[in-house]
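Dear colleague,

I am handing over the structure we spoke about, and you will find it directly below. My notes on what was found in it follow, and I would be glad if you read them with the model open.

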Amino acid sequence: MAVDKPTYTAAVVGGGPAGLMAAEVLAKAGLAVTVYEHQRSVGRKFLLAGRGGLNITHSEPIDAMLGRYTASSPSLVAALRAFTPHDLRAWCAALGEPTFVGSSGRVFPASFRATRLLRAWLARLDDLKVALKVGHRWQGWAKRAGGGVDTRRLVLERSDGTIVEALSDVTILALGGASWPRVGSDGRWVDTLTQLGVQIASLRPANCGVLVDWSADFVGQFGGAPLKNIALTVGTVSVRGDAMITTAGLEGGPIYAQSAAIRDSIDRLGSCALSFDLHPDLTAAQLTERLVRGRPKDSLTAMLHRIGLSKLSAALLRELTGNQVPRQPEALASMIKSLGIDVRATMPIDRAISTAGGVAFSELDDALMIKRLPGVFVAGEMVDWEAPTGGYLLQASFSTAVTAARGAIDFLTL
Ligand SMILES: Cc1cc2nc3c(=O)[nH]c(=O)nc-3n(C[C@H](O)[C@H](O)[C@H](O)COP(=O)(O)OP(=O)(O)OC[C@H]3O[C@@H](n4cnc5c(N)ncnc54)[C@H](O)[C@@H]3O)c2cc1C
């Protein structure tokens with residue numbers, strides 16, 4: 001799809017993966033594109049995401065993938081179908097970073113990091129004559145004399161404090177959520193859009209750890225240690241994997257996977273009951289049988305060692321029971337299979353991997369245009385969808401960006 005003369009202008013606000021992808025689609029269609037980013041460089045969270053291995057998407061079939069997103073909005077589904085994991089992997093390969101499928105179906109670029117991909121991508125955007133204006137914070141739009149705002153006149157604050165206006169025919173907002181604000185996405189856009197009457201579901205932490213008030217002894221010995229091969233049950237859902245003891249609480253795969261349920265329970269009831277299975281490979285009966293086999297005079301440490309419980313799991317039993325661990329085999333086995341802990345808070349949003357909430361889908365048309373602000377589209381994590389880790393966050397950020405950019409092109413050309 002190419003746009004005829006006269007050349008239209010597009011402003012993309014936010015230089016994260018969603019903004020840069022929208023810029024690419026718009027520039028390829030012939031629009032004169034400027035990306036405004038308030039940090040000194042673009043893609044900071046993308047680079048941060050790459051530090052632990054950039055899990056860019058997932059290899060499972062698209063129908064299974066769609067079930068991972070909490071918002072079952074038809075426009076999110078359509079966006080994911082319009083730019084699929086297959087398309088994203090082809091896009092990476094075309095940038096010189098073929099992808100591979102890692103354990104549990106997660107997809108990574110060959111270098112495992114975001115650095116090379118971002119470098120190649122910025123070179124491509126440069127070839128497409130996309131202008132990058134860093135150090136420009138979007139503040140909203142110029143007011144119209146008769147009331148309301150003129151969405152073709154963006155108001156931006158430069159890093160030296162001066163205010164400038166920029167003209168554009170269409171705008172894509174890709175401002176991110178509110179997690180890890182030091183890499184740029186600080187959620188300050190919520191006030192600007194709310195004042196214009198746009199409904200925003202409140203921004204909340206997603207894929208986050210939980211706070212636990214560990215004893216000084218426990219955290220001194222085990223802070224930073226992995227709690228390997230456990231199952232974590234919240235309500236009726238169990239997730240297996242490795243958790244991590246931190247000075248502030250618990251992090252890691254199973255905690256993140258359950259964090260939406262934990263957060264929602266805390267919001268409703270003030271707390272959430274977590275249950276750890278410290279030995280998910282054996283049933284309670286099998287554990288009891290092994291415990292019974294020991295010598296009656298065995299110490300608790302010896303009993304736990306005999307059934308293969310790690311030092312950390314044994315210490316966790318002591319920590320969470322106030323050192324009142326039962327020695328009777330059946331009671332001990334049952335505690336190992338369901339060690340309970342009540343948590344009252346998740347990590348704050350600035351330490352979460354992602355953000356739940358955002359611009360409500362009811363405010364958007366099928367092309368992700370804000371209905372009350374014609375010509376303004378939204379993409380990425382600032383839209384009200386939520387998903388677990390596993391590549392789903394970046395996939396939806398890219399997919400919604402492609403949909404928003406195509407929508408902006410249609411808006412100008414139809
Ligand atoms: C530690 C960590 C690891 C992660 N790992 C993965 C992973 O492996 N796989 C995965 O799928 N996801 C991962 N994520 C999540 C993923 O990085 C995000 O979902 C994704 O970056 C969202 O893209 P976005 O473009 O919507 O927002 P962002 O990447 O947050 O970009 C938004 C941009 O907008 C800019 N901005 C904000 N306000 C303004 C303003 N007023 N004016 C101008 N610019 C503004 C910000 O500075 C920022 O550059 C991880 C996140 C974290 C924190």
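A residue is called buried here when its relative accessible area is under 20%, exposed when that area is over 50%, and partly exposed in between. Please keep in mind throughout that this is a predicted model.

I begin with the cysteines, where that scale is needed at once. C272 has a relative accessibility of 3%, and because the limit for buried is under 20%, C272 counts as buried. C208, at 0% relative accessibility, counts as buried too. What keeps C208 from forming a bond with C272? The closest cysteine sulfur to that of C208 belongs to C272 and is 11 Å away, which is too far for a bond. Seen from the other side, C272 takes part in no disulfide, the nearest cysteine sulfur being that of C208 at 11 Å. With a cut-off of 2.5 Å between cysteine sulfur atoms, the count of disulfides comes to zero.

The ligand is the next topic. It is surrounded by 31 residues, of which the closest are E37, N55, W138, E381 and L394. Two of these closest residues also make polar contacts through their side chains: a polar side-chain atom of E37 lies 2.6 Å from an oxygen atom of the ligand, while an N or O atom in the side chain of E381 is 2.5 Å from a ligand oxygen. P17 contributes through its backbone instead, with a polar backbone atom 3.3 Å from an oxygen atom of the ligand. Taken alone, the ligand exposes 1,000 Å², and the protein buries 94% of that area. As for the make-up of the shell, its residues divide into 13 nonpolar, 14 polar and four charged. Several elements supply at least two shell residues each, namely the helices α1 (17–28), α2 (44–51) and α14 (392–413) and the strands β2 (32–37) and β7 (136–143).

Lastly, the salt bridges, of which a search of the whole structure finds 19. In one of them R81 pairs with D63, their closest N and O atoms being 2.8 Å apart. Because R81 lies in helix α4 (residues 74–82) and D63 in helix α3 (residues 62–66), this pair ties together parts that are 18 residues apart in sequence. R81 is partly exposed, with a relative accessible area of 44%, whereas D63 is exposed at 53%.

A further salt bridge joins the side chains of D242 and K228, at 3.6 Å from N to O. Here the pair links distant parts of the chain, with D242 in strand β14 (residues 237–245) and K228 in strand β13 (residues 226–234), 14 residues apart. D242 counts as partly exposed at 38% relative accessibility, and K228 counts as exposed at 54%.

In the third pair I looked at, the side chains of R306 and D298 meet at 2.5 Å, N to O. How do these partners stand, buried or partly exposed? R306 counts as partly exposed, with 35% relative accessibility, but D298, at 10%, counts as buried. Salt bridges that share partners also join R204, R263, D264, D267 and E386 into one network.

With kind regards

Definitions and conventions
Residues numbered from 1 in each chain as written. Predicted model: local features only at pLDDT ≥ 70, side-chain atom pairs only at ≥ 80, totals over all residues. Heavy atoms only, no water. Near = heavy atom within 4 Å. Polar contact = N/O pair within 3.5 Å; in protein donor to acceptor, adjacent residues only side chain to side chain. Areas by Shrake-Rupley, 256 points an atom, 1.4 Å probe, with all protein chains shown as cover. Helix = DSSP H or I, 4+ residues; strand = E, 2+ residues; numbered from the N terminus. Nonpolar A, V, L, I, M, F, W, Y, C, P; charged D, E, K, R; others polar. Buried < 20%, exposed > 50% of the residue type's maximum accessible area, 1.4 Å probe, protein only. Salt bridge = Lys/Arg side-chain N within 4 Å of Asp/Glu carboxyl O.
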